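Reader: I'm new to this one. Could you walk me through what the words used for it rest on?

Author: Happy to. Let's take a look first.

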Amino acid sequence: MAKWTPELEALIRTVGNAVDKQMQDFVNPKSGVLGSGLRTVFRSVTQVTPAVNKACKKAGLPQTRDWQGNMQKLIELAEQNGSNAADKIKKWLPVSKDIASQYQPTLKGVAQQIKAAKKKYGPK
């Protein structure tokens with residue numbers, strides 16, 4: 001892995017903020033499934049994926065489709081360096097893993113993921 005720098009810490013924090021915004025929308029029971037789905041896809045393409053790719057590249061992590069594995073590595077890297085930059089990632093990663101494990105990554109599966117996330121993890 002790469003050397004810990006203020007720039008890497010800032011990139012991880014940016015990823016955490018993007019993931020937090022994404023997941024809050026994902027679990028918000030007040031927003032519809034279609035709206036959350038469309039915003040999630042748009043935000044993934046325009047914000048989350050570029051931020052993740054940039055942070056992972058700076059951290060020396062390989063480009064992989066296992067984004068959850070890379071998120072775990074970013075959490076570990078931040079913690080090893082006494083940083084709370086990945087706290088938001090750490091908060092949402094178990095939720096993401098839980099929901100993703102239950103449904104296939106099809107259009108219908110994504111809609112089911114969103115519904116389940118809103119019901120199970122949304123504010124009560």
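**Reading the labels**

Author: With 124 residues, a compact globule would have a radius of gyration near 14 Å, and the protein chain has 15 Å, which agrees. Keep in mind that this is a predicted model.

Reader: And what does the C-alpha trace span along its principal axes?

Author: About 40 × 30 × 25 Å.

Reader: How many helices and strands does the secondary structure come to?

Author: There are 5 helices and 0 strands in the protein chain. Going along the sequence, that gives the pattern α-α-α-α-α.

Reader: How do you know which contacts join residues far apart in the sequence, and what share do they account for?

Author: Take the contacts with a separation of 6 or more: residues 24 or more positions apart account for 63% of them.

Reader: Let's pick two helices. What makes H2 oblique to H3?

Author: The axes of H2 (residues 33-59) and H3 (residues 67-80) cross at roughly 55° and come within 11 Å. Angles under 35 degrees count as roughly parallel, and 65 to 115 as roughly perpendicular. The crossing angle fits neither of those, so H2 is oblique to H3. The crossing of H2 and H3 is also left-handed.

Reader: Which residues make that contact?

Author: H2 brings Val52, Ala55, Cys56 and Ala59, while H3 brings Asn70, Met71, Leu74 and Leu77.

Reader: How do the residues of the contact of H2 with H3 divide into nonpolar, polar and charged?

Author: The split is 7 nonpolar, 1 polar and no charged.

Reader: Now a single residue. Why does Arg43 count as buried?

Author: Arg43 sits in helix H2. Buried means under 20% relative accessible area. Arg43 has 9% relative accessibility, so Arg43 counts as buried. Leaving aside residues up to four places away in sequence, Arg43 touches Lys21, Gln22, Asp25 and Val48.

Reader: What share of the 124 residues in the protein chain is buried?

Author: Buried residues make up 41%.

Reader: And why is Gln47 called partly exposed?

Author: Gln47 lies in helix H2 too. Buried needs a value under 20% and exposed one over 50%, with partly exposed in between. The relative accessible area of Gln47 is 35%, so Gln47 is partly exposed.

Reader: How far apart are Gln47 and Val19, in sequence and in space?

Author: Gln47 and Val19 are 28 residues apart in sequence, and from C-alpha to C-alpha they are 9.3 Å apart in space.

Definitions and conventions: Residues are numbered from 1 along each chain as its sequence is written. This is a predicted model: local features need pLDDT of at least 70, side-chain atom pairs count only at pLDDT 80 or more; totals for chains, interfaces and linings use all residues. Side-chain values use heavy atoms; hydrogens and water are left out. Axes are lines fitted to C-alpha atoms, for helices over the stretch in contact, and angles run from 0 to 180 degrees between N-to-C directions. Helices (H or I, at least four residues) and strands (E, at least two) are DSSP runs, numbered from the N terminus. Angles under 35 degrees count as roughly parallel, over 145 as roughly antiparallel, 65 to 115 as roughly perpendicular and the rest as oblique. A crossing is left-handed if the near helix is turned anticlockwise from the far one by less than a right angle, and right-handed if clockwise. Contact means heavy atoms within 4.5 Å. Ala, Val, Leu, Ile, Met, Phe, Trp, Tyr, Cys and Pro count as nonpolar, Asp, Glu, Lys and Arg as charged, and the others, Gly among them, as polar. The radius of gyration is taken over C-alpha atoms; the globule rule is 2.2 Å times the number of residues to the power 0.38. Buried means under 20% relative accessible area, exposed over 50%, partly exposed in between (1.4 Å probe, protein chains only).
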